[in-house]
Structure formats: structure tokens, C-alpha cells
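Trainee: I'd like a close look at one part of this structure, a single helix and whatever sits around it. Could you walk me through it and then step back to the wider picture?

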Amino acid sequence: MVTLDSLLLGFQSIFASGLVLASLYVLMAAGLALVWNTLGIFNFTHGALMAVAAYVAWTVADPRGLDLGLAVGVIVAILVAALLGLVINYLLVAPFLGQKQIVLIAVMTTLSGAFFIENSALLIWGPRIKQLDKFVEGNVKIAGTTISGHEAVIIVVAPLLMLGLWAFLRFTWTGSAIRAVAQNREFAELSGIRVKRMYAIAFAIAAALAGFAGIMLGAIRFITPGLGGEPLLKALIVVILGGLGSMPGTVLGAYLVGFGEAISTYFLGAYWTQAMLFLVFIAFLVLRPNGLLGKP
Amino acid sequence: MEKNARPIAVATFFAVLLVLPLANGDSYVRHISIIAIMYAVLVSSWNITLGYGGVFNFAHMAFFAVGAYATGILTKTFGFSPWWGMPIGIVASVVASVLVCLPVLRLKGIYVILVTFAFGQLCLQIVLNQRELTGGNFGLVQIPPLEIGAFSFRDYQNIGYYYLSLAILAITVAAVTWFSRSRFGWRVIALRDNEPYAVSRGVPLSRIRLATFVFSAIFPGAIGAVYAQYVRSASPDMFGFSFLTLALSMLLLGGIGTVWGPIAGAFVFTILSEVMAPLGPGRYLVTAVLIVLILRFFPKGLAGIPQFLAQQWTRAKPKPQPAAEKA
């Protein structure tokens, strides 16, 4: 028999797990959305960058690696991810820009890039699974349920990071230039903005964001070369759902998918939730390909 | 290629494949050649939607997997005769292609990739879900093999499967050749090259696109069924990224939108990856670099080589006209 108490408890656990999932999705999708909005391509190396950053952070921070502490590990890993992003942009994206079928070519080149990075990670770090230390130990009580301190950090950091990204794009010269390039490439070029440099900067920032998401994930899940595979798919769904060219849309999409998944997991179980997610995604794409807040 | 050279080359190609089992009985070589033939069927039929149709259909490998799973489940669990395997595989694959095509009809570009890819993931989730039926993560094993009386297709180093796959390849090549010259094929190409113009000239977009999907799905369904009966298993990896990337690189290496390019790509690539097998995961690095290099420098792939050579030839040769004037 369903009592009011058990219903309340169910609601609380849905809320807590939904919030954690949604915040994770915000982190994962932010970089993907930045590249998609600016360059108009999907960067399939996004997931591989997450894995590499988690590995680098582990190597720098872990006693079995360089043992320099988690803080150093995080900073180094994010820098490495940003640098890798520049390299990816230089080798896999920039040479093809301006071609008619750039969207489709970029899918193939970045897919190969992801394939390359994941297998390199396997060669470098081996198949033994690793895990990062949590940022904060202990547990936090929210809305009647207990979550780990690390998850609480994710819940707080994700919106802050998005706020920071928004402020950067809104108030700095570079941010404005990136948006200008995204909106009208030719005119931005005419006004003296270096388009290629802006692309590179956007790509590096996106890669750094992917790296940060990877580090956050590396403390919750085990680090494997395929760490970013499933998050990449989720991030794709979130970005499409939110709509092209709309950062607020991406955030909205992340929270919708996160809470939707939590609700569906509670009532249908984890297995059916994944199938449901893709089914809803396909239906949504057909009915509204421009996303929730995207411009047609 | 010269006009007369083409039929001779085709005949030689199939003649070599026909006599190969007689000349070489090694089971390893047999396995590699069966796999290469199967890849050739998959890639050249993928070429129908991706190359000729210009539709970025990333569900083609899912059709193959659906065919293999349908065959496996119906013949193993529901007791159908293994000889129903191929018809079952084809029907399942075609049904899957219709399901994918319906949403694709309304979409363009990147959204086609996303929907077709999501379809593969959806199938994967369902396969993982229905563990009692599909074996979940571990895959479906012990699928009944093909037999005629006492003769199993596995006898003599799988010679039955070899010739069956070769027959399917011959049919595929014939079908794609017919397609590329038929009215149907021209309409598909016209839609790829200039959609608004083709539509304004009365090419029915939706009907043609649906027909293209159904036509291209027949072959992965058939070869999926034979594959399941050959290796006697079907695994969730068949829906995965790496399998898709591998097939895609064969298609790119061979050359999109040509009859023989993808087949050459499949054979060259299968042999290449066997040669690189000692490298372990390193061979995937080579594969990835190869794809990017091809896209960058040889967008036409292997199929572009004769044309490229011809260009070099005419450039190197002194122009005949001034010479004639001198004389």
C-alpha cells in the first residue's frame, strides 16, 4: 500500500538524484554546446577529452603517480585538455572549414580523433581501472535525502560554471568576438576579428570544460578509456533538446533530461529509462528539430 | 578505366575468389576471406544510402545487427529452421530501415546522423534489456548452423559459408551496378545533387528515399543472418562505435558513390588490419590517422586513383597538337 510517507520519500530521492544527474549533464554539455554554437560542428572527441583529463588528473594526483595532490592534478588536467583541444582543432577541424559538407566531414574526423585518443589512453594507462579521490569527503543532507559531498559540489559548481561562461561570452571582448563569429562569420571577419583564432579559443575553452567534467566523473565512476562515451551521447541529446545557438536552452535541456531520467528510473527502472530516452529523443527531433529554445 | 577492361577485371575478381578455396585450405585464410566478403557486402550496400543517396545514414550497421539478432532468436529460441534464417534477417532489417526512414524523411544534415545513430543506440538498449531473449551483455550464443543432411556448412573449413557469402556479394554487386544505371538510381542521385531541382522536376522525394532505405537494407539483413550462423553468435558490440568507424573507414578508403570502390576498400582494409594485428590497439591509431588523411588529401579514396593517374599521365605527356604543327 502506498502511504503518504513512502510517496514523499520517493519524491525526495527523485529530486536528489535528478539534481545530481542534471548538474552533471550541464557540465558535460556546456563545452559541446559552445563548439556547436560557434563552429557549427559536433565535436565527437568531447567524450575522449573527458577520459584523458581524468587520467591526467589521476596520474598527477595519485600516490601511485606523481603524488602532487588533487588540486595540482585538476589544474594540470584542465590545461592538458585545453591544449589537446587546440591540437584537435588544428588537425581535425580547421583544415576542413569552409567545405560544403563540413558538418558531416567533422563528424567523421572527430570520430576518428576520439577513436585515436581512446586507444592511446588504453596504450598509455593500460586496462586497469582507476578512480580519483572525491573533492570533499562526507555526506550532505538535502531535501530529506543524503547525497555525497562530492555530488553536492557538482550541484553547486555546475550552475556557477555556466554563469561564468555566460559572463565571459557577454562581457569580455573575446567573448563578444566569439559570439560575433558564430552569428555572422563574414561580417565578423570584415570588422577585423580573427575568425580562426576565435574558433581555436572556443575549442580550447570547450575542451577545458570537457576536462573538468571528466575529472568530476572520474571521482564518481571508474576511469576507463570509454569513460566519456555515454556522457557524450547524453550531452548530444541535451544540446539538441536545448536547441542550436542557445546556451540557456542547453541548461534547460540538461535539467529536463536529468529530472526526466530520475523520474523514469524511479518508475520504470534503469534499463528501460535508457531506451525511453532515445525514443523520446527521436520523437522530439522529428517534431521539433530546432530544439526547445533554438532559432529556426 | 578502359571500357573493355572493366568486365575483364570483374570476371577476374570473381574467378580468383571462386578458386581461392581450392588453392588454399588454410582455416585462417578462409576466415579472413569470409569476413572480407561480408564487409564488402555491408559497405557496398551502405554506399547506396550514404554514397548515391547522400543521406548520412548511421544506422546501416544496426540493420546488420538487427538481422543477425532476429535470425539468432527465431532459429534458436523459437525453433525455426536455420534455412528461414536469411529471409528472417532480410525482413527484420527491412522493417528496421522503414522505422528509421520515417523520422529521417523530415530531417536534413546533422539531424539525420543523430536520429540514425540514436536508433542504433535504442536497439542496443532493447537488446541489453531483453536478457532472456538476447543474452544481454554476453551476446546471443549457440545459434544453430546451416546444414544439408549430413553436410554442415562448417565442414571443410567453413566452405559452405564461404560460397554462400560470395554468392551474396555477387548479388549485391549486380544489384548496385543495376541501381547505379537504373531510372531509380538516377532519381536518387538527382535528389542528392540538387534536391529542389529534382523535386521540381517531379521526383517524389519521400517515396524515393524510403525505397532507397528499403533497397539498401536487404543486403545487411541477408549477410547479418549468415554471419550469425557462421560465428554462431550475435553480440551487442555490433551496435558499437568502433564497428561503425571501421566500416566507415572502408567506405571512405574505397571511395564513396562508386560501385567498386567500397569493395576494394573492404578487402584492402580487412587485409591491412590483419597485417597490423601484432600492433594490438596500435592498429586502431593507424586506422584513425588513415581516415583523416584520406578525408584531407584523397576525398575520392581508392576509386579516385585511376582518374588521378590518368590526370598525371595526360599532364606528363607532351600535348600532341603543337608537335603535329611542327611536323
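Mentor: Here is a walk along one helix of chain B, followed by its surroundings and then the partner chain. Keep in mind that this is a predicted model.

Let's take helix 7 of chain B, which covers residues 155–181. How far apart should its ends be? With 27 residues at 1.5 Å a residue, the expected span is 39 Å, and the end C-alpha atoms are 39 Å apart, so the two agree. There is still a kink in helix 7 of chain B, of about 25°, and it is centred on B:Y162. B:Y162 is also one of the buried residues of this helix, along with its neighbours in the list B:G160, B:Y161 and B:L164. Further along helix 7, the buried set includes B:I168, B:L169, B:T172, B:V176 and B:F179.

What covers those buried residues? The cover includes helix 1 (5–23), helix 2 (27–52), helix 8 (183–193) and helix 10 (205–231) of chain B. Two of these are worth following up.

Start with helix 2 of chain B. Most of it is covered as well, with 19 of its 26 residues buried. Helix 2 bends by about 35° at B:W46. Its end C-alpha atoms are 36 Å apart where 38 Å would be expected for 26 residues at 1.5 Å a residue, which still counts as agreement. After helix 2 comes B:G54, with a positive phi near 65°.

Now helix 10 of chain B. In the loop between helix 10 and strand 4 (233–234) you'll find B:R232. This residue is not a glycine, yet its phi is positive, near 60°. That's something to look at, because most residues other than glycine have a negative phi. B:R232 has 16 other C-beta atoms within 10 Å, so it is partly exposed. Chain B has another case in B:Q142, a non-glycine residue with a positive phi of about 60°. B:Q142 belongs to the loop between strand 1 (140–141) and strand 2 (147–148) of chain B. It counts as exposed because it has 10 C-beta neighbours inside 10 Å, and the cut-off for exposed is 12 or fewer.

Stepping back, chain B touches chain A through 31 of its residues, against 32 from chain A. On the chain A side, the elements giving two or more residues are helix 4 (102–125), helix 9 (229–242) and helix 11 (270–287). Helix 4 of chain A gives the most, at 15 residues. Sort that side by class and you get 26 nonpolar residues, 6 polar ones and no charged ones.

As for chain A overall, it has 11 helices and 2 strands. Its C-alpha trace spans about 70 × 50 × 35 Å along the principal axes. The radius of gyration of chain A is 19 Å, which agrees with the value near 19 Å for a compact globule of 296 residues. Buried residues make up 51% of chain A. Among chain A contacts with a separation of 6 or more, 73% join residues 24 or more positions apart.

One last spot to click on is the largest nonpolar core, with 209 residues, where A:A53, A:A54 and A:A81 touch the most other members. Leaving aside residues up to four places away in sequence, A:A54 touches A:L132, A:G214, A:I215, A:L217, A:G218, A:I223 and A:L227.

Terms used:
Residues are numbered from 1 along each chain as its sequence is written. Chains are lettered from A and ligands numbered from 1 in the order in which they are written. This is a predicted model: local features need pLDDT of at least 70, side-chain atom pairs count only at pLDDT 80 or more; totals for chains, interfaces and linings use all residues. Helices (H or I, at least four residues) and strands (E, at least two) are DSSP runs, numbered from the N terminus. The expected span of a helix is 1.5 Å times one less than its number of residues. The bend at a residue is the angle between axes fitted to the seven residues ending there and the seven starting there. A residue is buried if 20 or more other C-beta atoms lie within 10 Å of its own, exposed if 12 or fewer, and partly exposed in between; C-beta atoms are placed from the backbone. Two residues are in contact if their C-beta atoms, placed from the backbone, lie within 7 Å. Ala, Val, Leu, Ile, Met, Phe, Trp, Tyr, Cys and Pro count as nonpolar, Asp, Glu, Lys and Arg as charged, and the others, Gly among them, as polar. A nonpolar core is a set of buried Ala, Val, Leu, Ile, Met, Phe, Trp, Tyr and Cys residues joined through C-beta atoms within 7 Å. The radius of gyration is taken over C-alpha atoms; the globule rule is 2.2 Å times the number of residues to the power 0.38.
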